[in-house]
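Got your viewer open? Load the model, switch to cartoon view and follow along.

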Amino acid sequence: MTAQFDFILIDDSAFDLFIYEKLIIKSGIGNSVRPFNSAQDALEYLTGVGENLPKTVILLDLQMPGMNGFEFIDQFDLLPEQIKDKIRIYMLSSTIDTRDIDKAKASTSIIDLLSKPLEISLLKTILTS
């Protein structure tokens, strides 16, 4: 399988960023992986790259200090369509809070809510279907 996407990882856990980056690279599903430990930094990156952004998958942690995953989505929704059309967002969480789960499912910007720890085999299946 040839890598079709660039990845942006947004998580306040340095450990999770490190592990997911290594797993994505090793699995061959990503052309490149750009980790961010701040949702605000990731948003600034997206705004800066603009329309030059390649097809990108964002793996977004729900619970983070500063700007959480839902606050990121609120700001993401304000970006131009030319940027948003190139991005697929999967939210990552270990939450069992049904309000968070329902809110993620109701968002038109979030493709799916995936459980932590992320299984790369599941992500591979999702991205190739």
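We'll start with the whole chain and then pick out smaller pieces.

A quick heads-up: this is a predicted model, so local features are given where pLDDT is at least 70, side-chain atom pairs count only at pLDDT 80 or more, and totals for chains, interfaces and linings use all residues. Residues are numbered from 1 along each chain as its sequence is written, and side-chain values use heavy atoms, with hydrogens and water left out.

**Stop 1: the whole chain.** Colour by secondary structure. You'll find six helices and five strands; helices (H or I, at least four residues) and strands (E, at least two) are DSSP runs, numbered from the N terminus. Walking from the N terminus, you meet them in the order β-α-β-α-β-α-α-β-α-β-α. The C-alpha trace spans about 35 × 35 × 30 Å along its principal axes. How much of the chain is buried? Buried residues make up 45% of the 129, where buried means under 20% relative accessible area, exposed over 50%, and partly exposed in between (1.4 Å probe, protein chains only).

**Stop 2: two strands and a helix.** Select residues 87-93, strand E4, and 110-115, strand E5: they run parallel and are joined by five bridges. (Two strands pair if DSSP finds at least two bridges between them.) Click Tyr90 and look across to E5, where Asp112 stands opposite. Now add helix H5, residues 98-106: E4, H5 and E5 form a right-handed β-α-β unit. Right-handed means that, with the strands pointing away from you, the path from the first strand over the helix to the second runs clockwise.

**Stop 3: salt bridges.** Show side chains. Side chains of opposite charge can pair when their charged atoms come close. The structure holds five salt bridges, each a side-chain nitrogen of Lys or Arg within 4 Å of a carboxyl oxygen of Asp or Glu.

- Select Asp16 and Lys116, whose side chains meet at 3.0 Å, N to O. Asp16 is in helix H1 (residues 14-27) and Lys116 in the loop between E5 and helix H6 (120-128), 100 residues apart. Asp16 is buried, at 17% relative accessible area. Add Asp11 and Asp61 to see a network of salt bridges linking them with Asp16 and Lys116.
- Next, pick Lys84 and Glu81, another 3.0 Å pair. They sit three residues apart in helix H4 (residues 81-84), so about one helical turn separates them. Lys84 is buried, at 16%, while Glu81 is partly exposed, at 46%.
- Finish with Asp97 and Arg99, whose closest N and O atoms are 2.8 Å apart. Arg99 is exposed, at 63%, and Asp97 partly exposed, at 24%.
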